[in-house]
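Okay, thanks everyone, I'll keep this short. Have a look at the model on the screen, and then I'll walk you through a few residues.

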Amino acid sequence: MLDRLARLSPTWLGLTGTILLALGSFGAGATRNRGGVISALGLEFLTFGHGKGIMEIVLFVGIALLIGAWVLLGRTVVVDKPAGSSERFTTTKRAMWIWIAPLAAAAPVLSRDVYSYLMQGAMVRDGFDPYTEGAAVNPGPYLLEVSHDWRNTTTPYGPLHLWIGEGVTTLVGDNVIAGLIVYKIISIAGFAAIAWAVPRIAQKLGGDPTMALWLGVANPVMVLHMIGGMHNESIMVGLVSVGLLAALNRHFVSSVVLISVAVSLKATAAIALPFVVWIATNHYAPKSATFARRIFAFVASGFIGVVLTFLVVGIVTWASGSSWGWLAEISGNSKVVNPLSAPTFIADRVTPFLQLFDERFPYNTVLGVTRTVGSILMLTGLVIVWWFFRHNDRRAIMGTTLAYQVAYTFNAVALPWYYASVITLIGTFRPPLWLLQLTTGTSIVLAMAFTGSGNHRFYDMWWLGAALIVAWIATHYVFPLDAKTRPGLQLVTNNAAKMPSPARGE
């Protein structure tokens with residue numbers, strides 16, 4: 001059976017999957033509440049009842065085939081072909097872009113957030129402030145598509161996000177379909193920036209560009225949520241990725257500027273900036289430098305970084321005509337509850353125990369405490385990670401990756417697309433085999449965690465259990481028991497064995 005599987009083409013298997021996914025998106029995706037392609041074609045019956053059930057099956061089969069193609073590509077190309085073979089990288093890159101092609105014409109899937117992006121842009125265009133007012137103040141075609149949960153909430157995104165939205169809605173007017181097309185183009189542009197930068201980061205760190213591309217960009221979580229869901233993480237992560245590459249190439253001003261622009265889109269981009277300071281410090285004052293020189297290099301790099309960041313964000317805020325009101329909204333919206341966030345996961349476990357003694361003990365009381373503790377742990381963890389991963393370029397990128405993971409683990413809110421910041425970097429720094437396995441398995445679970453319309457399945461134990469079993473089997477297929485001896489992993493395992501100690505630098 002495994003031999004038959006190996007003979008399948010992951011490129012065409014994935015293409016079949018994304019074609020089905022694109023078709024299913026128009027009936028079972030995050031479809032329009034009013035109008036849209038299906039309505040224009042007179043096929044509304046595909047959006048409800050048995051018709052929608054059929055489209056849900058089509059969409060799910062598409063996602064399953066995409067995941068299967070990614071797993072097959074990982075085993076037959078990334079793991080089993082020699083690490084030095086240029087064919088590995090070319091095949092992986094070609095497969096990724098072929099998979100993505102049908103999604104360029106797909107309706108939004110797995111999330112309705114893009115409708116909120118359009119609504120927020122229209123609010124700014126029409127003279128409203130999304131930092132103090134909800135979408136309901138501006139009735140119109142966009143409001144009809146915004147989820148009811150978000151019609152009276154403000155936005156946590158920065159001025160660049162609103163500026164982009166204003167530009168899109170000014171360009172297309174109140175044409176929702178045209179707005180979605182423009183946002184699809186923007187999402188693909190961000191994804192392309194990630195795909196360009198990530199293999200080059202791996203190359204600078206002495207890692208495996210093909211592994212980095214397969215694990216961090218061709219990953220189904222990235223394809224489904226960056227392209228399919230059109231989340232603004234696509235642009236944010238693209239800017240951060242190019243910014244980190246600039247730092248590794250010793251273009252530190254460009255690095256800080258790029259990441260600061262990303263901060264003006266979404267504040268979590270700022271997590272990467274302190275690690276750029278370490279990269280700059282180690283460049284201008286290597287281990288052989290005097291203590292005084294290292295202190296000077298650190299203070300100077302940090303000071304210039306902070307000034308540049310505030311200058312860039314200030315310029316974007318001024319140029320966009322926005323305000324600093326987004327800083328008060330950074331914590332996000334507390335309505336999102338799922339166990340990807342550690343505070344929520346703990347509250348889910350603790351509350352039933354407390355209700356044994358008081359059946360009316362409120363869940364939100366426990367959640368409020370765990371979120372407060374989570375915030376403290378997050379800030380503490382970020383400082384600890386920043387300090388312990390200061391020694392060289394490789395450890396700085398490792399630290400950036402871990403810092404993002406710490407932030408999303410302990411944050412009050414976590415969603416699968418947030419992890420794009422983590423996924424994109426894990427394959428770049430010659431990670432150990434266990435981390436490759438963990439990331440692969442987790443990615444498969446996250447890719448299966450949402451319905452086409454945007455509802456998560458983290459509390460559906462049968463579904464979650466099945467996803468975990470599939471992830472376990474697939475991960476062990478990609479990385480078999482003799483994985484360390486496989487040709488494609490020689491670069492990772494050999495370099496890991498020769499890895500210089502932090503004390504010697506890199």
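So, let's start with lysine 184, which sits in helix H9, residues 176–204. Keep in mind this is a predicted model. What's odd about lysine 184 is that it's buried and yet has no salt bridge. The nearest side chain of opposite charge is aspartate 113, and that's 14 Å away. A salt bridge here would need a side-chain nitrogen within 4 Å of a carboxyl oxygen, so aspartate 113, at 14 Å, doesn't pair with lysine 184.

Which backbone oxygens does the side chain of lysine 184 reach, then? One is that of leucine 103, 2.9 Å from a polar atom of the lysine side chain. Another belongs to isoleucine 227, at 3.3 Å. And if you leave out residues up to four places away in sequence, lysine 184 touches Leu103, Ala104, Ala106, Ile227, Gly228 and Met230.

That last name takes us to the backbone. Most residues other than glycine have a negative phi. Methionine 230 isn't a glycine, but its phi is positive, about 55°. You'll find methionine 230 in the loop between helix H11 (220–228) and helix H12 (233–248).

Now go to the other end of H12: arginine 250 is in the loop between H12 and helix H13 (252–263). Arginine 250 has a positive phi too, about 70°, and again it's not a glycine.

Are those two buried or exposed, or somewhere in between? Methionine 230 is buried, with a relative accessible area of 2%, whereas arginine 250 is partly exposed at 31%.

Definitions and conventions: Residues are numbered from 1 along each chain as its sequence is written. This is a predicted model: local features need pLDDT of at least 70, side-chain atom pairs count only at pLDDT 80 or more; totals for chains, interfaces and linings use all residues. Side-chain values use heavy atoms; hydrogens and water are left out. Helices (H or I, at least four residues) and strands (E, at least two) are DSSP runs, numbered from the N terminus. Buried means under 20% relative accessible area, exposed over 50%, partly exposed in between (1.4 Å probe, protein chains only). Lys and Arg count as positive and Asp and Glu as negative; His and the chain ends are not counted. A polar contact is a pair of N or O atoms within 3.5 Å; within protein, one must be able to donate a hydrogen and the other to accept it, and residues adjacent in sequence count only if both atoms are side-chain atoms. Contact means heavy atoms within 4.5 Å.
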